[in-house]
Amino acid sequence: MDTKLLLEFIIFSMLNVIIQTAKGIITIKGGKFAAASANAVAYGLYTYIIVLTMCDLPMVLKALITALVNFVGVYLVKWAEEKTEKTKLWKIEISVLAENAEKIKSALDAFGVSRDDGKKVGKWVKFDTYCYTKKESAFVREIAERYKAKYFASASESL
């Protein structure tokens, strides 16, 4: 078996997976120029990958390499995306029947979620909570659902 060809297949397959995965993210989150550039690079390399797939390596080996580099490449890109993602402040407004307001207030305090004191509106009490982590946001949602509260979430954005 040709080791140079095998190495070339592995390297270019990995590059292809990383670029294709990044292209998807950039197309969704990026601007027009970034999305167009990512597409151009991704499909340019993909053309080479199509030709490279016809090389003289055993089909089973090519399939195994493709599966492995897809798993590793996508995992790496998603990991990098998480690490570079800016932390957002989530404001979650909770509207709960007044009879459950103290229970929600106690639960939020016990978990350390920042909140206002609550505003009574008819038979409802509305709390504004401020979550700095996904864990806090998930907790607030769980508490709201437990006490059959209505809730609305919004994230901080750069202007």
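## Strand pairing around β4

Ser114 stands opposite Tyr130 in strand β4, a pairing that belongs to the contact between strand β2 (residues 114-115) and β4, where two bridges join strands that run antiparallel. The model described here is a predicted one, and the positions given below should be read in that light.

Strand β1 (residues 90-97) also pairs with β4 (residues 124-131), through eight bridges and in antiparallel fashion, and within this pairing Trp90 is placed opposite Cys131 of β4. Strand β3 (residues 119-121) is joined to β4 by three bridges, again with the two strands antiparallel, and here Val121 faces Trp124 of β4 across the pairing. Two residues lie between the strands in the hairpin of β3 and β4, and Gly122 in that hairpin takes a positive phi near 60 degrees. As a general point for reading such strands, side chains in a regular strand alternate between the two faces of the sheet.

## Helix α1

Helix α1 covers residues 3-29, and its 27 residues should span 39 Å at 1.5 Å a residue, a value with which the 39 Å between its end C-alpha atoms agrees. At the N-terminal end of α1, Asp2 acts as a cap, with a side-chain oxygen lying 3.1 Å from the backbone nitrogen of Lys4. The buried residues of α1 are Leu5, Leu6, Phe9, Ser13, Met14, Asn16, Val17, Thr21, Lys23 and Ile25, and what covers them includes helices α2 (32-52) and α3.

Two of the polar residues in this helix can be followed individually. Ser13, which is placed in α1, is buried with a relative accessible area of 7%, and its side chain reaches the backbone oxygen of Phe9 at a distance of 2.7 Å. When residues up to four places away in sequence are not counted, Ser13 touches Ile49 and Val69. Thr21 likewise lies in helix α1 and counts as buried, at 17% relative accessibility; leaving aside neighbours within four places in sequence, Thr21 is in contact with Val74 and Val77.

## Helix α3 and the loop before it

Helix α3 has 26 residues and reaches 37 Å from its first C-alpha to its last, which is close to the 38 Å expected at 1.5 Å a residue. Its buried residues are Lys62, Ile65, Val69, Gly73, Val77 and Glu81, and what covers the buried residues of α3 includes α1. Val77, buried in α3, is one of the residues in contact with Thr21, while Val69, also buried in α3, is touched by Ser13.

Pro58 is found in the loop between α2 and α3, where it is partly exposed, with a relative accessible area of 40%. Although Pro58 and Met1 are 57 residues apart in sequence, their C-alpha atoms are 9.0 Å apart in space.

## Aromatic pairs

With ring centres required to lie within 6.5 Å, the model contains four aromatic pairs. One of them joins Phe71 and Tyr75, whose ring centres are 6.2 Å apart and whose planes meet at 20 degrees, so the pair is stacked. Both residues lie in helix α3 (residues 59-84), four residues apart, which is about one turn of the helix, and both Phe71 and Tyr75 are exposed.

Another of these pairs is formed by Phe111 and Phe139, with ring centres 4.0 Å apart and planes at 10 degrees, so this pair is stacked. Phe111 lies in helix α4 (residues 101-111) and Phe139 in helix α5 (residues 134-146), so the pair ties together parts that are 28 residues apart in sequence. As for burial, Phe111 is partly exposed, with a relative accessible area of 32%, whereas Phe139 counts as buried at 15% relative accessibility.

## Cysteines

A disulfide is a covalent bond between the sulfur atoms of two cysteines. With a limit of 2.5 Å between cysteine sulfur atoms, the count of disulfides in this model comes to zero. Cys55 counts as buried, at 14% relative accessibility, and Cys131, which is the residue of β4 that Trp90 stands opposite, is buried with a relative accessible area of 0%.

Methods. Residues are numbered from 1 along each chain as its sequence is written. This is a predicted model: local features need pLDDT of at least 70, side-chain atom pairs count only at pLDDT 80 or more; totals for chains, interfaces and linings use all residues. Side-chain values use heavy atoms; hydrogens and water are left out. Rings of Phe, Tyr and Trp (its six-membered ring) pair if their centres lie within 6.5 Å; planes under 30 degrees apart count as stacked, over 60 as edge-to-face and the rest as tilted. Buried means under 20% relative accessible area, exposed over 50%, partly exposed in between (1.4 Å probe, protein chains only). The expected span of a helix is 1.5 Å times one less than its number of residues. Contact means heavy atoms within 4.5 Å. A polar contact is a pair of N or O atoms within 3.5 Å; within protein, one must be able to donate a hydrogen and the other to accept it, and residues adjacent in sequence count only if both atoms are side-chain atoms. Two strands pair if DSSP finds at least two bridges between them.
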